[in-house]
Amino acid sequence: MKNRSLLPALFMLALAAPQADAGDLIGTVVARGKEESGSGGDKYASRKFKFVERVEYESLRDFVVSIEGATPAGVSVATPPAVVTQKGAVFSPRILPIVVGTTVEWPNDDDIFHNVFSISEAKEFDLGLYKNPEKRQVTFNRAGRVDVLCSIHTQMSAVVLVLENPFFAKSDERGSYAITGLPAGEYTVRAWHERLPGMRRKVTVPATGAVRLDIVLGPGGTPEPAGTAR
Ligand SMILES: [Cu+2]
């Protein structure tokens, strides 16, 4: 690693023309519950459980769909900086998927202090106290899930999902997503949500046009096919 010359990398970048054989991956991701597993009969009406808040699967948003593995050969990766603001004691966006190597800036747009930090294995950091115009930033050099909290305010949380390659998308309000310009080939697709078990699917991306993949997470979701790569 240390002795590796920069030259081959530069050469490859120069050769990286726009993908001739590339397709799109489109579809929806939503979550669904299951009556039997979630209801528990009358037990939730009892004193003991009536305060237990259950997940409202249909209202969940911000799913992330991504392609597993290293960046396909010939694709150059851009890492423009990303921004997560603190305003009204809320992180925005709360869910931020990025490609590994991206730097995230954390402006504090409030008149009060926040203390943004993470103890996640993929990136531990502690930004300390600051307000505008001072800005602090963190570069994420390892793939993984980074849970971000504020040590002053209990309700503040965000997740930076650091991904291995630039082929990912966050679902919109209606659950739709689109990953465009994927070199044709077979891939393992991962659907992710902050508070649900994820799911993997195999997909073959065509040289032109789009392949569609709709995924339902949660207890009432589509079961993961046996033998799907982990
Ligand atoms: Cu705070």
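1. In what order do the four strands of the open sheet with antiparallel pairing lie? The order is S13-S2-S15-S16. Strand S13 (168-170) and strand S16 (196-205) are the edge strands of this sheet, and each pairs on one side only. From one strand to the next, the twist averages 15°. The model is predicted, and the remarks here should be read with that in mind.

2. The contact between S2 and S13 can be followed at residue level. Strand S2 covers residues 64-67 and is joined to S13 by three bridges. The two strands run antiparallel. For a landmark when viewing the pair, take Val 65, which stands opposite Ala 169 in S13.

3. Another open sheet is built from five strands, and its pairing is mixed. Its strands follow the order S6-S12-S11-S8-S9. At the edges are strand S6 (95-99) and strand S9 (123-130), each of which pairs on one side only. The twist here averages 20° from one strand to the next.

4. Within the five-strand sheet, S11 and S8 follow one another in the order. Which way do strand S8 and strand S11 run, parallel or antiparallel? They run antiparallel, with two bridges joining S8 (residues 114-120) to S11 (residues 144-150). Phe 117 has Leu 149 in S11 as its bridge partner.

5. A general point on both sheets: strands of a sheet pair through backbone hydrogen bonds, in either a parallel or an antiparallel way. In the four-strand sheet the pairing is antiparallel, whereas in the five-strand sheet it is mixed.

How values were computed. Residues numbered from 1 in each chain as written. Predicted model: local features only at pLDDT ≥ 70, side-chain atom pairs only at ≥ 80, totals over all residues. Pairing = 2+ DSSP bridges. Axes fitted to C-alpha atoms, helices over the stretch in contact; angles between N-to-C directions.
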